[in-house]
Amino acid sequence: MSGAAVELRMFTRADGSFLTSWIAGPVELMTWAGPTFTWPLDKLQIAAYAAESMTRRRRSWMGVNSRTGQVVGHASVRMNADGAAGRLGRVLIAPEARGCGMGAAMLTHVLAVSFGSLGLERVELGVFSHNDSAVRLYERLGFQVERVLPDVEQVEGQSWSALQMCLAKQDWAPLPGRHHDGSGTTP
Ligand SMILES: CC(C)(COP(=O)(O)OP(=O)(O)OC[C@H]1O[C@@H](n2cnc3c(N)ncnc32)[C@H](O)[C@@H]1OP(=O)(O)O)[C@@H](O)C(=O)NCCC(=O)NCCS
């Protein structure tokens with residue numbers, strides 16, 4: 001297991017430049033966020049996303065490498081109407097920082113905040129079934145597949161299926177060495 005250490009800070013409109021520089025094209029955009037944004041990811045879409053992230057409906061964060069101060073990732077949770085569940089999404093790690101545990105470290109904090117100060121009982125997500133590193137990451141955090149949605153998107157002539165995954169608060173055990181109750185972060 002890697003010793004990656006990541007802190008969270010609130011996502012603001014100015015962080016849009018990180019997102020645009022980490023997403024290389026329309027396929028990467030679809031992989032990251034599904035059909036919720038359109039290519040190219042422009043300032044208007046970023047501004048609307050940042051504005052929504054300032055409401056009670058959504059929390060969005062940047063992940064910062066605790067050792068270097070480098071901004072390495074992004075994630076967001078959209079609250080369901082009942083306030084008991086939230087949908088984790090927009091999970092993104094800077095291309096040069098992938099594969100060394102940053103995603104797991106960042107999402108451990110996101111889940112601590114979600115089950116802590118946000119008071120969620122359940123976190124859900126959707127991921128394309130061929131996105132092996134993302135599926136592996138979510139499984140390691142304890143998410144389980146609830147449903148398979150076949151052929152939800154057609155991308156460059158290929159049919160993409162999606163997995164709906166979920167994690168209940170009582171099933172969540174923070175990865176060793178990465179627990180944080182969220183109180184010291186600024187979600
Ligand atoms: C998915 C993503 C967030 C993962 O971030 P990361 O920092 O690389 O993740 P981690 O290093 O913490 O963990 C990745 C895990 O996937 C595994 N993995 C990597 N590539 C893999 C592959 N091709 N097949 C199977 N597993 C793979 C790694 O070994 C690691 O598992 P381990 O910790 O058990 O060894 C990152 O790759 C990313 O930003 N991708 C583009 C956007 C995206 O797909 N977002 C998710 C949308 S649902």
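The following dialogue explains how to read the ligand site and two backbone features of a predicted model.

Q: Which residues count in this predicted model, and how are they numbered?
A: Residues are numbered from 1 along each chain as its sequence is written, and side-chain values use heavy atoms, with hydrogens and water left out. The model is predicted, so local features need pLDDT of at least 70 and side-chain atom pairs count only at pLDDT 80 or more, while totals for chains, interfaces and linings use all residues.

Q: Which residues come nearest to the ligand?
A: A residue is near a molecule if one of its heavy atoms lies within 4 Å of it. There are 22 residues around the ligand, and V91, G99, N131, R136 and R140 come nearest.

Q: What polar contacts does the ligand have with V91, N131 and R136?
A: A polar contact is a pair of N or O atoms within 3.5 Å. A nitrogen atom of the ligand lies 2.7 Å from a backbone N or O atom of V91. The side chain of N131 has an N or O atom 2.7 Å from an oxygen atom of the ligand, and the side chain of R136 likewise places an N or O atom 2.7 Å from a ligand oxygen. On its own the ligand has 960 Å² of accessible area, of which the protein covers 72% (Shrake-Rupley method, 1.4 Å probe).

Q: Where is empty space found, and what is the volume of the largest pocket?
A: Rolling a probe the size of a water molecule over the atoms shows where empty space is left. A pocket is an open set of points on a 1 Å grid over the protein atoms alone, where a 1.4 Å probe fits, with protein on both sides within 12 Å along at least five of seven lines; lining residues have an atom within 4 Å of a point. Here the largest pocket has a volume of about 1,100 Å³, and the ligand takes up its space. Its lining has 43 residues, with T31, W32, V91, N131 and Y138 nearest the centre.

Q: Which strand gives the most to the lining of the largest pocket?
A: Strands are DSSP runs (E, at least two residues), and helices are runs of H or I with at least four, numbered from the N terminus. Strand 4 gives the most to this lining, with seven residues. In the shell around the ligand, helix 5 gives the most, also with seven residues.

Q: What is notable about the backbone at P40 and R90?
A: Most residues other than glycine have a negative phi, and most peptide bonds are trans. In this model, W39 and P40 are joined by a cis peptide bond, with omega about 0 degrees; P40 lies in the loop between helix 2 and helix 3. R90, although not a glycine, has a positive phi of about 55 degrees, and R90 is found in strand 4.

Key
Polar contact = N/O pair within 3.5 Å; in protein donor to acceptor, adjacent residues only side chain to side chain. Sits in = over half its atoms within 2 Å of the grid points. Points joined across faces, edges and corners; volume = space filled by probe spheres on them.
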